[in-house]
Amino acid sequence: MTTLLTTRDVAAIVAAKGLAACFGTLVRYLEEDFARWGDFDKSARVANHSKDGVIELMPISDARLYSFKYVNGHPKNTRAGLPTVMAFGVLADVDTGRPELLSELTLTTAMRTAATSVMAAKRLARPGSRVMALIGNGAQSEFQALAFHHLLGIDTVRLYDIDPAATAKLVANLHAEAPALTAIVCASTAEAVRGADIVTTVTADKANATIIVPSMLEPGMHVNGVGGDCPGKTELHADVLRAASVFVEFEPQSRIEGDIQQMPADFAVTELWRVLRAQAPGRRTADEITVFDSVGFALEDFSALRLLRDFASELGLGREIDLVPDMGDPKNLFGELRKPPVPATAANEADVAAALHAALMSA
Ligand SMILES: NC(=O)c1ccc[n+]([C@@H]2O[C@H](COP(=O)([O-])OP(=O)(O)OC[C@H]3O[C@@H](n4cnc5c(N)ncnc54)[C@H](O)[C@@H]3O)[C@@H](O)[C@H]2O)c1
């Protein structure tokens, strides 16, 4: 049987463990996996592009576990009432190929992306950083703000989005979730960035945008560039990259998808795992400008799926499903066709009853 985790199950994990503890454990799992970089069979993700977006498959494995994530990126989706980013994925046993876990990864992507940003900022931001600018206040933004607040000591966020409603939503959510975190609404990116120790860009636009330009940089800033993650979709002016030490996840993928797609092939970057293994320095001086050119790498979802598996098993969450056949005689696949249908579960019956009720009321 395969364990199924829905979005509600992941929300139940966060409710049981607490968001700060989830972020903290996720960073630990990420650091463990990035530190054993050589153990993984890695490849750049497979991206299918269309006019308004992209759908990507992100596989990775070590000697014991295999994972993949399905994820999309469609910046115009929110106008149609759909999220920009939606995802799910699988964790499977390498020895047999058996899928162990099938999980939602939309909430989880937001958490793992924020945890990865923190893992990078721990090594790249100035120690004692307290103020973060947050440009782009959509679905990912609460997770970025709260991970930096809980794990890195950020006590003030300076917010800007071209959509004031998105900023208002972020302020309300942060106020309810973390009253000690001061949120300042700004009238422009330039205003938000002024005086910030860390600048997080997490905008969605299928364009070569220049959200951060060189005139906004201040000595010692760390730029956490999250939204530029696809060919033709960038956030940082090329001169921002030239002014900085630039760190990436998996260089072959980042050259295609990251903000560094604007740069020549020999533009120097450092893969983050090398900093974790002390093979390369992180921040070297208080005045240095650092950039984490984040695009999202399959290893981060591998770590997140491991964590979901462990937390779900500890908390008894999830549902066993026959995603693949559970056969007495593994050669008698044909016999599966003769098995009686599975009766609806209580939850399904409740859903069906609610749907029937709604249909009757609207008739
Ligand atoms: N690096 C990663 O690992 C990773 C992971 C998840 C998402 N992402 C990317 O992060 C971005 C944000 O994702 P989301 O789920 O929050 O999307 P979203 O659509 O919910 O929010 C994006 C926000 O950016 C705002 N925006 C667009 N252009 C802007 C501009 N010029 N200045 C200020 N704000 C602007 C929009 O109004 C919107 O509120 C996407 O581009 C997504 O692909 C990256």
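## A guided tour of the predicted model

Please begin by selecting helix α5, residues 164-177, which lies across β7 (131-135), β8 and β9. The direction of α5 runs at about 160 degrees to that of β8. The model on display is a predicted one.

**The parallel sheet**

Next, select the strands beneath this helix together with the rest of their sheet. Eight strands form an open sheet here, and their order is β9-β8-β7-β10-β12-β16-β14-β15. The pairing in this sheet is parallel. At the edges stand β9 (182-185) and β15 (270-271); each has a single partner strand, so one side of each is left without a neighbour in the sheet.

Now narrow the selection to β9 and to strand β8, residues 156-160. These two strands pair in the parallel sense, over four bridges. Within the pair, select L159, which stands opposite V185 in β9. Then add helix α3, residues 106-124, which also packs on the sheet and touches β12 (222-225), β14 (245-248) and β16 (290-293). The direction of α3 makes about 160 degrees with that of β16.

**A buried threonine**

Select T189 next, in helix α6, which spans residues 189-193. Is T189 buried or exposed? Its relative accessibility is 11%, and because buried means under 20%, T189 counts as buried. To view its surroundings, display I135, Y160, I211, I212 and M216: T189 is in contact with these residues, leaving aside its neighbours within four places in sequence.

**The ligand**

Select the ligand and display the residues around it, of which there are 27. Which of them come nearest? They are T84, A139, D161, D229 and K233. Helix α3, visited above, gives the most to the shell around the ligand, with three residues.

Three polar backbone atoms merit individual inspection. One belongs to T203 and is 2.9 Å from an oxygen atom of the ligand. Another, in A204, is 3.4 Å from an oxygen atom of the ligand. For V226, the partner is a nitrogen atom of the ligand, at 3.1 Å from a polar backbone atom of that residue. On its own the ligand has 870 Å² of accessible area, and the protein covers 89% of this.

**An exposed alanine**

Move to A278, in the loop between α9 (272-276) and β16. Most residues other than glycine have a negative phi. A278 is not a glycine, yet its phi is positive, at about 60 degrees. Its relative accessibility is 69%, and because exposed means over 50%, A278 counts as exposed.

**The mixed sheet**

Finally, select the open sheet of seven strands whose order is β2-β3-β4-β5-β6-β1-β17. Its pairing is mixed. The edges are held by β2 (46-49) and β17 (319-321), each with a single partner strand, so one side of each is left without a neighbour in the sheet. On average, neighbouring strands of this sheet are turned by 15 degrees against each other, direction ignored.

For a closer view, select strand β1, residues 2-5, together with β17. Three bridges join these two strands, which run antiparallel. Here L4 stands opposite R319 in β17. The last stop is helix α10, residues 298-315, which packs on the sheet and touches β1, β3 (54-61), β4 (65-73), β5 (87-93) and β6 (99-104). The direction of α10 makes about 110 degrees with that of β4.

Key
Residues are numbered from 1 along each chain as its sequence is written. This is a predicted model: local features need pLDDT of at least 70, side-chain atom pairs count only at pLDDT 80 or more; totals for chains, interfaces and linings use all residues. Side-chain values use heavy atoms; hydrogens and water are left out. Buried means under 20% relative accessible area, exposed over 50%, partly exposed in between (1.4 Å probe, protein chains only). Contact means heavy atoms within 4.5 Å. Two strands pair if DSSP finds at least two bridges between them. Axes are lines fitted to C-alpha atoms, for helices over the stretch in contact, and angles run from 0 to 180 degrees between N-to-C directions. A residue is near a molecule or strand if one of its heavy atoms lies within 4 Å of it. A polar contact is a pair of N or O atoms within 3.5 Å; within protein, one must be able to donate a hydrogen and the other to accept it, and residues adjacent in sequence count only if both atoms are side-chain atoms. Accessible areas come from the Shrake-Rupley method with a 1.4 Å probe; for residues, only the protein chains shown count as cover.
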